[in-house]
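Me: I am about to look at a protein chain for the first time, and I would like to work through it with you by question and answer. Could you take each point slowly and explain the terms on the way?

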Amino acid sequence: MTDRSKEPLSRHELRQLLLAVRRGEEGAFSCLYGKYLPLVLRLSADFVPHYASDADAEDFRQEAMLALYRAALAYDLDQGEVEFGLFAKICITNRLVDRLRALERYWKNEGNRETDSAEPAVTPDTAESGDPAAYLMDDEAVRALNAIIDRHLSVYEQRVFRMYLAGYAAGEIASATGREEKSVSNAIYRIRRKLKALLNTL
């Protein structure tokens, strides 16, 4: 029997797998994770600093895995401009940047503060919460925000905003949507103004 675990997924197969992950089907995310494991390992290794411990390195891999899961939930299956692999890469990279900053703050604090056995340690996990409950609350906020976006933004504004959240610059969004960069910049300004007004009413 041919081992297809390392073969790339077709667009249809990927869509079905992402839908299975969202339904919480057993083994679905394990399958997705196996497909993108090389990306997870490469990106997490790129971000681990030279002074990091083995435990820190494992934290980076865990963060990359969680970012892949969140990417699977957030990816817009109905658009064709951005492939899931690129979207996942951006999500993982953004999360690892946050983790690296947290680790750097931790080591800076360790180097500057005086030793005090009574003082609770400031760890990367407390600086940037690794508590699963925090991720669940985060997901609730994302769902609430998505509901607001769907109700109050135009289709064009929705596309711009989701690409903006994924880390794309105005010029990249302009290329993907076929609009002028100034149009994208204006849309981002309008979106932020609308969301600020809407969120202030909640």
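Me: Before we begin, what kind of model is this, and how many helices and strands does the chain have?
Reply: This is a predicted model, in which local features need pLDDT of at least 70 and side-chain atom pairs count only at pLDDT 80 or more, while totals for chains, interfaces and linings use all residues. Residues are numbered from 1 along each chain as its sequence is written, and side-chain values use heavy atoms, with hydrogens and water left out. Helices (H or I, at least four residues) and strands (E, at least two) are DSSP runs, numbered from the N terminus. Counted in this way, the chain has nine helices and zero strands.

Me: What share of the residues of the chain counts as buried?
Reply: A residue is called buried under 20% relative accessible area, exposed over 50% and partly exposed in between, using a 1.4 Å probe and protein chains only. Applied to the 202 residues of the chain, this gives a buried share of 32%.

Me: Among contacts between residues at least 6 apart in sequence, what percentage joins residues at least 24 apart?
Reply: A contact means heavy atoms within 4.5 Å. Of the contacts in the chain between residues at least 6 apart in sequence, the part that joins residues at least 24 apart is 63%.

Me: How do the axes of helix α1 and helix α3 lie to each other: roughly parallel or roughly perpendicular?
Reply: Axes are lines fitted to C-alpha atoms, for helices over the stretch in contact, and angles run from 0 to 180 degrees between N-to-C directions. The axes of α1 (residues 11-23) and α3 (residues 54-74) come within 9 Å and cross at roughly 105°. Angles under 35 degrees count as roughly parallel, over 145 as roughly antiparallel, 65 to 115 as roughly perpendicular and the rest as oblique. The crossing angle therefore makes α1, relative to α3, roughly perpendicular.

Me: Which residues of α3 make the contact with α1?
Reply: From α1, the contact is made by L18, V21 and R22. On the side of α3, the residues are Y69, A72, L73 and A74.

Me: Which helix gives the most residues to the largest nonpolar core?
Reply: A nonpolar core is a set of buried Ala, Val, Leu, Ile, Met, Phe, Trp, Tyr and Cys residues joined through side-chain atoms within 4.5 Å. The largest one has 46 residues, and L18, L32, L68, F84, I92, V160 and V184 touch the most other members. Helices α1, α2 (28-47), α3, α4 (84-112), α7, α8 (170-177) and α9 (181-200) each supply at least two residues. With nine residues, the helix that gives the most is α4.

Me: Why does V40 count as buried, and what is its relative accessible area?
Reply: V40 lies in helix α2 and, leaving aside neighbours within four places in sequence, is in contact with Y33, R61, A64, M65, L68 and I92. V40 counts as buried because its relative accessible area is 0%.

Me: How far apart are the C-alpha atoms of Q62 and V40?
Reply: Q62 is found in helix α3, and at 35% relative accessibility Q62 counts as partly exposed. Along the chain, Q62 and V40 are 22 residues apart, whereas their C-alpha atoms are separated by 9.2 Å.

Me: Where in the chain is L77?
Reply: L77 counts as buried, at 17% relative accessibility. Leaving aside neighbours within four places in sequence, L77 is in contact with R15, L18, L19 and R22. Its own place is in the loop between α3 and α4.

Me: Is E157 buried or exposed?
Reply: E157 sits in helix α7 (residues 155-165). Leaving aside neighbours within four places in sequence, E157 is in contact with H152, R190, I191 and K194. At 4% relative accessibility, E157 counts as buried.
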